[in-house]
Amino acid sequence: MKTPIRVAVTGAAGQIGYALLFRIASGAMFGPDQPVILQLIEAPVDKALKALEGVAMELDDCAFPLLKGIVQTSDPAVGFKDANWCLLVGAKPRGPGMERADLLKDNGKIFIGQGQIIDAVAAADARVAVVGNPANTNCMIAASQAKRLPPERFTAMVRLDQNRAQSQLAQKAGVDLTAVKDIFIYGNHSPTMFPAFAHATINGAPAAKVINDDAWLQGPFCETVGKRGAAIIAARGASSAASAANALVDHVRSLVTLGAIHSVAVKSNGHYGFDANVWAGMPVRTTTPGSYEVLTGYDLSDAFSQQKLAATNKELVEERAFVADMIK
Ligand code: NAX
């Protein structure tokens with residue numbers, strides 16, 4: 001039996017948490033032979049902590065053979081202690097009439113604190129994956145506080161957007177989902193994201209040729225993927241939860257699977273025209289478990305791609321400017 005890995009999850013009693021924890025405990029994230037200890041962190045609010053108790057009871061009741069322990073806490077120093085993976089799902093939601101700058105600042109405070117504590121108490125090999133929105137900038141903020149853990153260890157999730165794009169392309173082409181490959185998300189997890197279809201393939205042929213409808217690819221396709229979250233809220237009356245949890249399972253699973261090629265928001269080193277030090281979605285290949293190299297060889301020099309990349313980069317730079325005084 002392998003040594004259990006410690007997986008810290010913030011926002012554990014939230015709706016994504018509820019769809020996520022059972023998948024981790026069942027082995028979907030780290031594999032069917034990897035035991036886990038779940039370290040569940042909630043806000044110091046009675047209602048949330050009470051709900052967390054209920055979630056932990058349900059985890060017990062699943063009798064998952066791989067689940068070797070559950071920690072419940074509102075103290076991040078306890079929750080992140082020795083964690084190998086820190087999944088930052090909890091965040092403050094945008095309230096009615098709240099400005100984007102205020103949301104960024106309120107969440108900035110949370111992610112500054114969590115970045116510092118993770119850096120201080122998590123395991124030497126700790127990896128961090130951020131889901132709580134605005135995910136890219138929250139990730140940048142957390143990484144900015146780390147002195148021990150390198151910034152490459154901090155990733156934000158754009159996998160839900162990749163999965164959405166893959167599904168849309170398959171439906172449009174009338175093919176099985178698995179026929180669609182190499183569709184990657186560039187930039188921010190927001191409606192400005194760019195699902196770059198230029199290099200996507202369908203049954204090995206260029207997706208643009210198979211679909212043969214540039215107006216759809218540049219218009220409704222990009223728009224549907226970018227605004228899918230809002231469409232789900234409009235239909236369901238609540239934001240994406242099961243699909244978001246599933247995407248986080250995919251995000252981490254791909255990051256621990258050697259050779260996997262997938263979209264992750266990572267620290268930019270200027271690739272694809274992104275400003276250095278914003279966290280932008282781009283394609284990576286997993287090199288060793290938890291580590292990756294950015295794939296820089298995709299040609300996105302055409303005018304449409306350049307305009308999309310510039311727009312999402314601009315938004316990331318603006319978000320960084322909103323919180324610049326906090327991360328000095
Ligand atoms: P919920 O409001 O259901 O749950 C959030 C939970 O986080 C709550 O239980 C709350 O008590 C907890 N929390 C708040 N502050 C905390 C803190 N400082 N420490 C620990 N826990 C804390 O939201 P849910 O639907 O689960 O969504 C969670 C986050 O994911 C939101 O920020 C949401 O916007 C974001 N999303 C990101 C996606 C992505 O693709 N990157 C897609 C789905 C989702 O919208």
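Here's a quick briefing on the ligand site and on helix α6. Keep in mind that this is a predicted model. The ligand has 24 residues around it, and the protein covers 79% of the 880 Å² of accessible area that the ligand has on its own. Helix α6, for its part, is largely enclosed by the rest of the structure, because 11 of its 15 residues are buried.

**Who surrounds the ligand**
- Of the 24 surrounding residues, the closest are Q15, I16, E42, N133 and H189.
- Sorted by class, the shell comes out at 12 nonpolar, 11 polar and 1 charged residues.

**Polar contacts to ligand oxygens**
- E42 uses its side chain: an N or O atom there sits 2.6 Å from an oxygen atom of the ligand.
- N133 also brings in a side-chain N or O atom, at 2.8 Å from a ligand oxygen.
- With Q15 the backbone does the job, placing an N or O atom 2.9 Å from an oxygen atom of the ligand.
- On the coverage side, 79% of the ligand's 880 Å² of accessible area on its own is covered by the protein.
- As for secondary structure, α1 (15–26) and α4 (100–121) are the elements that give two or more residues to the shell.

**Helix α6**
- This helix runs over residues 159–173 and spans 21 Å from first C-alpha to last, close to the 21 Å expected at 1.5 Å a residue.
- Its buried residues are R159, L160, D161, Q162, N163, R164, A165, Q166, Q168, L169 and A170.
- Right after α6 comes G174, with a positive phi of about 65°.

How values were computed:
Residues are numbered from 1 along each chain as its sequence is written. This is a predicted model: local features need pLDDT of at least 70, side-chain atom pairs count only at pLDDT 80 or more; totals for chains, interfaces and linings use all residues. Side-chain values use heavy atoms; hydrogens and water are left out. A residue is near a molecule or strand if one of its heavy atoms lies within 4 Å of it. A polar contact is a pair of N or O atoms within 3.5 Å; within protein, one must be able to donate a hydrogen and the other to accept it, and residues adjacent in sequence count only if both atoms are side-chain atoms. Accessible areas come from the Shrake-Rupley method with a 1.4 Å probe; for residues, only the protein chains shown count as cover. Helices (H or I, at least four residues) and strands (E, at least two) are DSSP runs, numbered from the N terminus. Ala, Val, Leu, Ile, Met, Phe, Trp, Tyr, Cys and Pro count as nonpolar, Asp, Glu, Lys and Arg as charged, and the others, Gly among them, as polar. The expected span of a helix is 1.5 Å times one less than its number of residues. Buried means under 20% relative accessible area, exposed over 50%, partly exposed in between (1.4 Å probe, protein chains only).
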